[in-house]
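Me: I have a new multi-chain model open. Can you show me how to read its features, one at a time?

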Amino acid sequence: MKLFTKSNYMNPYIAGVGLGLVLLAAFYVSGNGLGASGAMMRTVVIVEKVISQAHVDSNIYLSKYGGGDKNPWDAWLVFQVIGVLVGGIISGIFGGRMKVEINHGPKITKKRRLVFAFLGGGLFGAGARIARGCTSGIVLSGGATLALGSWVTMVCLFIPAFGLAYFFRKNWI
Amino acid sequence: MAPLVHNLGHSSHTDAFLAFLIGIGFGFFLEQGGFGNAVKLAKTFYFKDMTVLKVMFTAIIVAMTGLIFMDQFHMIDLSLIWINPTYLWPGIVGGLIMGVGFIVGGYCPGTGIVGLVTLKVDALFNILGALVGMAITAEIIPFIYEWWTGSLIGKRITIPEYFDISPGIVGFLIILIALGLFVFSEVMEKRSGHKE
Amino acid sequence: MNYKVVGLVVFALIGILMATFKTKVPISMDTLKVDESIKLDTISANALSEMIIENNLGYTLIDLRDDASSAKLQVQGSIPMSYKNIVLKENYGNLLADKHIIVIANSHSKMLKATYFFKTKGLSALYVEGGFKAWQTQVLNPKAPNEYATDQEFLRYKYLIGISNYLQGKGQGGGTVKLKRKRRVLKRVNKVEADGGC
């Protein structure tokens with residue numbers, strides 16, 4: 001079994017094993033799973049705290065992260081995500097993939113890709129906050145702990161992605 | 001007995017450092033799997049490159065198996081592990097919206113971060129969009145707060161508990177599902193001429 | 001050798017092995033070790049009585065006393081639950097996840113352990129400070145103020161007696177209280193005059 005594919009990516013099954021062991025280690029060491037969207041939300045709250053602490057305090061959702069003296073960045077998840085940044089860079093350097101580029105399907109322009117990337121991100125961010133997690137927190141961590149809601153959300157995540165793929169095929173293939 | 005933080009009296013600095021190390025592993029394997037490239041990710045939904053399914057489900061069954069075995073041999077205290085709460089309708093609606101966001105944008109927060117640090121400009125736009133989307137949602141949630149905190153089936157409810165099946169059997173079934181998905185992935189990739 | 005097939009078979013075997021694992025027998029309350037670092041919340045007996053009076057529906061009251069179902073002194077709206085059977089899924093599993101679980105018992109250590117156990121199941125749980133004894137002395141039989149008590153303490157006593165009567169089905173009056181007050185006021189007026197007036 002080859003460790004790396006012809007395009008210099010790690011064999012997906014081996015990468016999966018590696019990822020699974022990291023996830024297991026996270027639980028073993030801290031009791032927490034992996035995550036990402038929470039750190040992004042906390043970044044949003046920090047920015048909003050600087051602009052208007054009063055607004056953060058008055059919002060029942062935001063105040064849980066940054067009401068009063070609370071520091072939104074003082075969380076296990078935030079330190080983990082900083083690690084993700086570093087790990088991604090290390091892997092990118094190793095794999096020779098540190099390249100400024102815009103990945104897009106061959107049939108569309110770069111500009112169209114950027115517009116869709118922004119809109120898609122907006123939708124994903126909204127959905128992540130409503131579902132209380134993103135693919136890392138829900139699919140990986142919730143999946144491994146067999147959390148009921150996480151598996152439900154996982155199925156609901158894949159349905160539109162596969163179901164609407166046909167209508168967005170021009171963007172990708 | 002794991003989780004270690006509860007027994008070894010770590011200082012919060014040690015915890016932060018360990019979180020950082022684990023994050024490095026997370027980011028490393030995500031990028032190694034090719035998740036920094038949105039086009040590669042999206043190809044999953046056209047059955048042309050099933051990397052997402054392979055990596056994701058391998059990771060899930062490896063970690064899940066580890067937890068079940070460790071629990072069976074009393075190496076871990078599962079009551080101290082974080083289990084995502086189950087809010088039924090927010091979970092469904094949020095999942096559906098995320099699914100649309102994924103096929104439109106091509107990234108999710110974790111992969112977007114990895115794409116960002118490998119200098120993909122579309123990942124940057126995706127993350128900016130996500131931050132804006134989250135900020136807007138944070139303004140809306142207080143108005144739907146009752147719905148958003150409703151339909152709570154359980155704060156730590158798991159599939160074995162809900163269906164009253166032993167975790168080992170649930171784990172076995174999930175492994176079977178994953179193995180089936182792997183076979184399906186290999187078949188679809190061969191069909192679409194995906195070269196390794 | 002096709003490594004993918006090998007991996008498939010290995011994982012299938014691991015899965016079969018997993019399926020044979022027996023679910024762990026639920027721990028017994030006796031061997032349950034409470035994690036000292038987890039802070040357990042309490043509620044005063046008086047606050048609980050007010051919640052009952054106000055018909056507050058946001059909680060489930062669990063009575064752990066052995067004779068909870070047959071005792072003469074019951075707490076309105078409480079659910080009796082045998083302490084050692086808390087660990088059984090059919091008991092804790094039916095507790096609603098979105099209400100606070102309030103625990104009351106005679107023994108402080110039992111209340112502590114029960115509250116901790118519910119918390120590990122992800123429920124919001126707290127116990128009554130002072131347990132059933134506090135319920136008896138603070139709510140059912142509030143201490144009558146002496147004749148030099150302030151008006152405020154007096155009104156508070158009247159309020160507590162009203163609650164106590166209501167909970168014990170004696171109506172909401174505070175009839176006997178009135179009589180005491182007349183005498184009390186007179187005594188106070190006499191004392192003040194003896195001291196030389198206001």
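Reply: Start with pairing. Two strands pair if DSSP finds at least two bridges between them. Keep in mind that this is a predicted model.

Me: Which residue stands opposite C:D63?

Reply: C:P80 does, in β3(C). The pair belongs to a parallel match: β2(C), residues 59-63, is joined to β3(C) by 3 bridges.

Me: What holds such strands together in general?

Reply: Backbone hydrogen bonds pair the strands of a sheet, in parallel or antiparallel fashion. In chain C the sheet is open, has 5 strands and pairs in parallel. Its strand order is β1-β5-β4-β2-β3.

Me: Which strands of chain C stand at the edges?

Reply: β1(C), residues 41-43, and β3(C), residues 78-80. Each has a single partner strand, so one side of each lacks a neighbour in the sheet. On average, neighbouring strands of this sheet are turned by 35 degrees against each other, direction ignored.

Me: Which helix lies across β4(C) and β5(C)?

Reply: Helix α4(C), residues 108-120. The strands beneath that description are β4(C), 100-104, and β5(C), 125-128. The helix runs at about 165 degrees to β5(C).

Me: How many helices and strands does chain C have?

Reply: Chain C has 7 helices and 5 strands. Read the elements from the N terminus: α-β-α-β-β-α-β-α-β-α-α-α. Then look at burial. Of the 198 residues in chain C, 21% are buried. For contacts in chain C with a separation of 6 or more, 65% come from residues 24 or more positions apart.

Me: And chain B: how many helices and strands are there?

Reply: Chain B comes to 9 helices and 2 strands. Along the sequence the pattern is α-α-α-β-α-α-α-α-β-α-α. Its C-alpha atoms fill a box of roughly 45 × 45 × 35 Å along the principal axes. Buried residues make up 58% of the 196 residues of chain B. Among its contacts between residues at least 6 apart in sequence, 65% join residues at least 24 apart.

Me: Now the interfaces. How many residues of chain B are in contact with chain C?

Reply: Count both sides. 18 residues of chain B touch 17 residues of chain C. Then ask which elements supply them. On the chain B side, those giving two or more residues are α3(B) (51-72), β2(B) (152-154) and α9(B) (167-191). α9(B) gives the most, with 8 residues. By class, this side of chain B has 9 nonpolar, 7 polar and 2 charged residues.

Me: How do I read a pair of helices across an interface?

Reply: Begin with the general geometry. An α-helix has 3.6 residues a turn, so residues three or four places apart point the same way. Next, take the axes. Helix α5(A), residues 76-94, and helix α1(B), residues 12-32, have axes that come within 5 Å. They cross at roughly 40 degrees. That makes α5(A) oblique to α1(B). The crossing is right-handed. The contact of α5(A) with α1(B) has 17 nonpolar, 10 polar and 2 charged residues.

Me: At what angle do α6(A) and α4(B) cross?

Reply: Roughly 165 degrees. The axes of α6(A), residues 110-131, and α4(B), residues 88-105, come within 7 Å. α6(A) is therefore roughly antiparallel to α4(B), since angles over 145 degrees count as such. The crossing of α6(A) past α4(B) is left-handed.

Me: Which residues of α6(A) and α4(B) meet?

Reply: From α6(A) they include A:F116, A:L119, A:G120, A:L123, A:F124 and A:G127. From α4(B) they include B:P90, B:G91, B:G94, B:I97, B:M98 and B:G101. The contact of α6(A) with α4(B) divides into 16 nonpolar, 8 polar and no charged residues.

Me: Last one. Why is α7(A) described as largely enclosed?

Reply: Count buried residues. In α7(A), residues 135-144, 10 of the 10 are buried, so the rest of the structure largely encloses this helix. Among them are A:T135, A:I138, A:L140 and A:G143.

Me: What covers the buried residues of α7(A)?

Reply: The cover draws on two chains. From chain A it includes α1 (12-30), α2 (37-51), α6 and α8 (148-163). From chain B it includes α3 and α5 (109-117). Check what follows the helix too. A:L146 comes after α7(A), and its phi is positive, near 60 degrees.

Definitions and conventions: Residues numbered from 1 in each chain as written. Chains lettered and ligands numbered in written order. Predicted model: local features only at pLDDT ≥ 70, side-chain atom pairs only at ≥ 80, totals over all residues. Helix = DSSP H or I, 4+ residues; strand = E, 2+ residues; numbered from the N terminus. Axes fitted to C-alpha atoms, helices over the stretch in contact; angles between N-to-C directions. Contact = placed C-beta atoms within 7 Å. Buried ≥ 20, exposed ≤ 12 C-beta atoms within 10 Å, placed from the backbone. Nonpolar A, V, L, I, M, F, W, Y, C, P; charged D, E, K, R; others polar. Parallel < 35°, antiparallel > 145°, perpendicular 65-115°, else oblique. Left-handed = near helix turned anticlockwise from the far one by under 90°.
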